[in-house]
Amino acid sequence: MFRWLLLFILVVPALEIGVLVWAGNLVGPWWVILLIIATGILGAFLAKRQGMETLNRARDNVQRGIVPQEEIFDGICILIGAVVLFTPGFITDAIGFILLLPITRTPLKRSLQKAVKRMMENGTITIFRR
């Protein structure tokens, strides 16, 4: 896991710089800056909207006595997507939007659920119940 995180931290910024320079040469630096600001604003709006919808669904489930399992994983994906969207760049923006949009978030959420289940079975993480 640490290897992937280190690779992400080292490789993605270098790729972002390359893409930003390429886009700046293609459409001009002011358009690149405008696009970065626009994706940031759109991402913040979408993150807030998706986050509130997920929070409301979780509250409804808790009131009905249902554990909000799906909503917890949705919330994790939305949080990661929002954080990634705050970093300037087109690659991270694409990753952020993938995590924020429900239709593209669902397959990633399923993979995250399988990974957590596998970690629980291996004893890597433990969840205590009352």
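**Figure 1. Arg110 and Glu70 in a predicted model.** Arg110 counts as partly exposed, at 38% relative accessibility. The model shown here, and in every view below, is predicted. Arg110 forms a salt bridge with Glu70, with 3.0 Å between the closest N and O atoms. This pair links distant parts of the chain: Arg110 belongs to helix H5 and Glu70 to helix H3, 40 residues apart. Glu70 is partly exposed too, with a relative accessible area of 28%.

**Figure 2. Arg57 and Asp74 meet in a salt bridge.** The N to O distance is 2.9 Å. Arg57 lies in helix H2 and Asp74 in helix H3, so the pair ties together parts that are 17 residues apart in sequence. The burial of the partners is as follows. Asp74 is buried, with a relative accessible area of 5%. Arg57 is partly exposed, with a relative accessible area of 32%. Both residues belong to a network of salt bridges that also includes Glu70, Glu71, Arg105, Lys109 and Arg110. Across the whole structure, a search finds seven salt bridges.

**Figure 3. Glu71 in helix H3.** Glu71 is buried because its relative accessible area is 10%, below the 20% cut-off. The side chain of Glu71 makes a polar contact of 3.1 Å with the side chain of Asn61. Beyond residues up to four places away in sequence, Glu71 touches Thr54, Arg57, Ala58 and Asn61. Of these, Thr54, Ala58 and Asn61 are among the buried residues of H2. The C-alpha atoms of Glu71 and Glu53 are 9.4 Å apart in space, and the two residues are 18 apart in sequence.

**Figure 4. Arg49 and Glu53, a salt bridge within helix H2.** The closest N and O atoms of the pair are 3.6 Å apart. Arg49 and Glu53 are four residues apart in H2, so about one helical turn separates them. Arg49 is partly exposed, at a relative accessible area of 44%. Glu53 also counts as partly exposed, at 33% relative accessibility.

**Figure 5. Gln50, a buried residue of helix H2.** Its relative accessibility is 5%. The side chains of Gln50 and Arg105 are joined by a polar contact of 3.3 Å. Leaving aside neighbours within four places in sequence, Gln50 is in contact with Ile78, Leu100, Pro102 and Arg105. Arg105 is also part of the salt-bridge network.

**Figure 6. Thr39 and its surroundings in helix H2.** Thr39 is buried, with a relative accessible area of 17%. Its side chain and that of Asp93 share a polar contact of 2.7 Å. Thr39 touches Leu85, Asp93 and Phe97, not counting residues up to four places away in sequence.

**Figure 7. Helix H2 along its length.** H2 has 35 residues and covers residues 29-63. From first C-alpha to last, H2 reaches 51 Å, close to the 51 Å expected at 1.5 Å a residue. Its buried residues include Val32, Gly43, Leu46 and Ala47. The buried residues of H2 pack against helices H1 (2-27), H3 (69-85), H4 (90-100) and H5 (102-122). Gly65 follows H2 and has a positive phi, near 85 degrees.

**Figure 8. A nonpolar surface patch that includes Leu7.** Phe2, Trp4, Leu6, Leu7, Leu10, Val11 and Leu15 form the patch. Together they have about 760 Å² of accessible area. Leu7 is placed in helix H1. It is partly exposed, with a relative accessible area of 43%.

Terms used
Residues are numbered from 1 along each chain as its sequence is written. This is a predicted model: local features need pLDDT of at least 70, side-chain atom pairs count only at pLDDT 80 or more; totals for chains, interfaces and linings use all residues. Side-chain values use heavy atoms; hydrogens and water are left out. Helices (H or I, at least four residues) and strands (E, at least two) are DSSP runs, numbered from the N terminus. Buried means under 20% relative accessible area, exposed over 50%, partly exposed in between (1.4 Å probe, protein chains only). A polar contact is a pair of N or O atoms within 3.5 Å; within protein, one must be able to donate a hydrogen and the other to accept it, and residues adjacent in sequence count only if both atoms are side-chain atoms. Contact means heavy atoms within 4.5 Å. The expected span of a helix is 1.5 Å times one less than its number of residues. Patches are made of residues with over 30% relative accessible area and no salt bridge: like charges are joined within 9 Å, nonpolar side chains (Val, Leu, Ile, Met, Phe, Trp, Tyr) within 5 Å. Accessible areas come from the Shrake-Rupley method with a 1.4 Å probe; for residues, only the protein chains shown count as cover. A salt bridge is a side-chain nitrogen of Lys or Arg within 4 Å of a carboxyl oxygen of Asp or Glu.
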